[in-house]
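This briefing is set out by topic for a reader working from the sequence and the coordinates. Please consult the display below alongside the points that follow.

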Amino acid sequence: MLFSWLTSRRRRRIRAAAFPPAWSEMLRRGVRQVEWLSADERSRLEAWVAVFLAEKRFEGCRGMAITDEVRLVIAGQAGITTLGLGERYFDRLRSIIVHPDDFRVPNSASLGGDLALEWQEERLGETWTGGSMSLAWPDVVAGGRMRDGPRSVVIHEFAHQLDGLDGEIDGVPPLPRGRTRGWVAEWDACRERFEAALDEGRATAFDDYAAESAAEFFAVASECFFQDPHRLVRHDRRLHELLTEAWCQDPLTRVPRQARVRRR
Ligand SMILES: [Zn+2]
């Protein structure tokens, strides 16, 4: 109780302090979506980013230097996802490990008996249950500037964070009391429509990596929801509506229709 009182007092102080203009500029340059926020949303984003940067540890891997720009481009994209969630700082997440490029993680599968197949898998991002997250910097930059279609590795990993708040990363985020069963039934129908489109070779709103599992479907669909909501609505309006319930906001109201086409 004392801890949470001290924490909220410290957070209030950080939120009330002036946000450095150089940081505002880095957010504006590195996170394309910032230009479409209202003044109120922008100040809530900056307050969230200030607390997040004060509380999380950033570590560079394989020579990656952790600059203010690195911290802000990651925190800015994460902060956009929390605009509807109140003061949600993902307390279990302690450190963010940044790699200079894609990284490999060991994977294995049992072949029965004592035999196991082991291999290395390329990753752009990874959420670890122990309280850390790994991100590949070039993909963080591409997602922030919306250079890579409906993708953002930061949004992807924070979708896993939101999904895991109820104790399990299972593709079902925390929902209002009594809503989970109905939400899951409709969500499963969206997954079935997506998988049928893949089977039939039809175009889909987002990458087929979403078919890996329920958790990946939530994470990949969330990337599209924030980065290209118009595309998501064209493919599956109900899926978009279910995501507005999960994230308590609707990016369709701010992201312009042609956002993805215009480069800078
Ligand atoms: Zn994932």
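Both His156 and His160 are buried. The model is a predicted one, and the two histidines serve in it as donors of a zinc ion through their NE2 atoms. The points below take up the metal site, the largest pocket and two further buried residues.

**Zinc site**
- The protein donors of the zinc ion are His156 (NE2), His160 (NE2) and two entries for Glu216 (OE), at distances of 2.1 to 2.5 Å from the ion.
- Along the chain, the donors are spaced as H-x3-H-x55-E.
- His156 and His160 both belong to helix 6 (residues 153–163) and are four residues apart, so about one helical turn separates them.
- The angles subtended by the four donor atoms around the zinc ion run from 55 to 142 degrees, and the arrangement is therefore irregular.
- For the tetrahedral class, all angles would have to lie between 85 and 135 degrees.

**Largest pocket**
- The volume of the largest pocket is about 640 Å³.
- Its lining comprises 30 residues, and those nearest the centre of the pocket are Gly125, His156, Glu157, Tyr209 and Glu216.
- Two of these names, His156 and Glu216, also appear among the donors of the zinc ion.
- By class, the lining holds eleven nonpolar, six polar and 13 charged residues.
- At least two lining residues come from each of strand 4 (115–123), strand 5 (125–128), helix 5 (137–144), helix 6 and helix 8 (214–227).
- Helix 8 makes the greatest contribution to the lining of the largest pocket, namely five residues.

**Gln227 in helix 8**
- Gln227 is also located in helix 8.
- The relative accessible area of Gln227 is 2%, so this residue is classed as buried; the cut-off for that class is under 20%.
- A polar contact of 2.9 Å links the side chain of Gln227 to the side chain of Gln33.

**Met133 in strand 6**
- Met133 lies in strand 6 (residues 132–136).
- Because its relative accessibility is 0%, Met133 counts as buried.
- Met133 and Gln161 are 28 residues apart along the chain, and their C-alpha atoms are 9.4 Å apart.

Notes: Residues are numbered from 1 along each chain as its sequence is written. This is a predicted model: local features need pLDDT of at least 70, side-chain atom pairs count only at pLDDT 80 or more; totals for chains, interfaces and linings use all residues. Side-chain values use heavy atoms; hydrogens and water are left out. Donors are N, O and S atoms within 2.8 Å of the metal (3.2 Å for Na, K and Ca); water is not among the atoms, so sites may look incomplete. Four donors count as tetrahedral if all angles lie between 85 and 135 degrees; four count as square planar and six as octahedral if opposite donors are over 155 degrees apart and all others between 65 and 115; anything else is irregular. Buried means under 20% relative accessible area, exposed over 50%, partly exposed in between (1.4 Å probe, protein chains only). On a 1 Å grid over the protein atoms alone, a cavity is a set of points where a 1.4 Å probe fits but cannot get out, and a pocket is an open set with protein on both sides within 12 Å along at least five of seven lines; lining residues have an atom within 4 Å of a point. Grid points are joined across faces, edges and corners, and a volume is the space filled by probe spheres set on the points. Ala, Val, Leu, Ile, Met, Phe, Trp, Tyr, Cys and Pro count as nonpolar, Asp, Glu, Lys and Arg as charged, and the others, Gly among them, as polar. A polar contact is a pair of N or O atoms within 3.5 Å; within protein, one must be able to donate a hydrogen and the other to accept it, and residues adjacent in sequence count only if both atoms are side-chain atoms.
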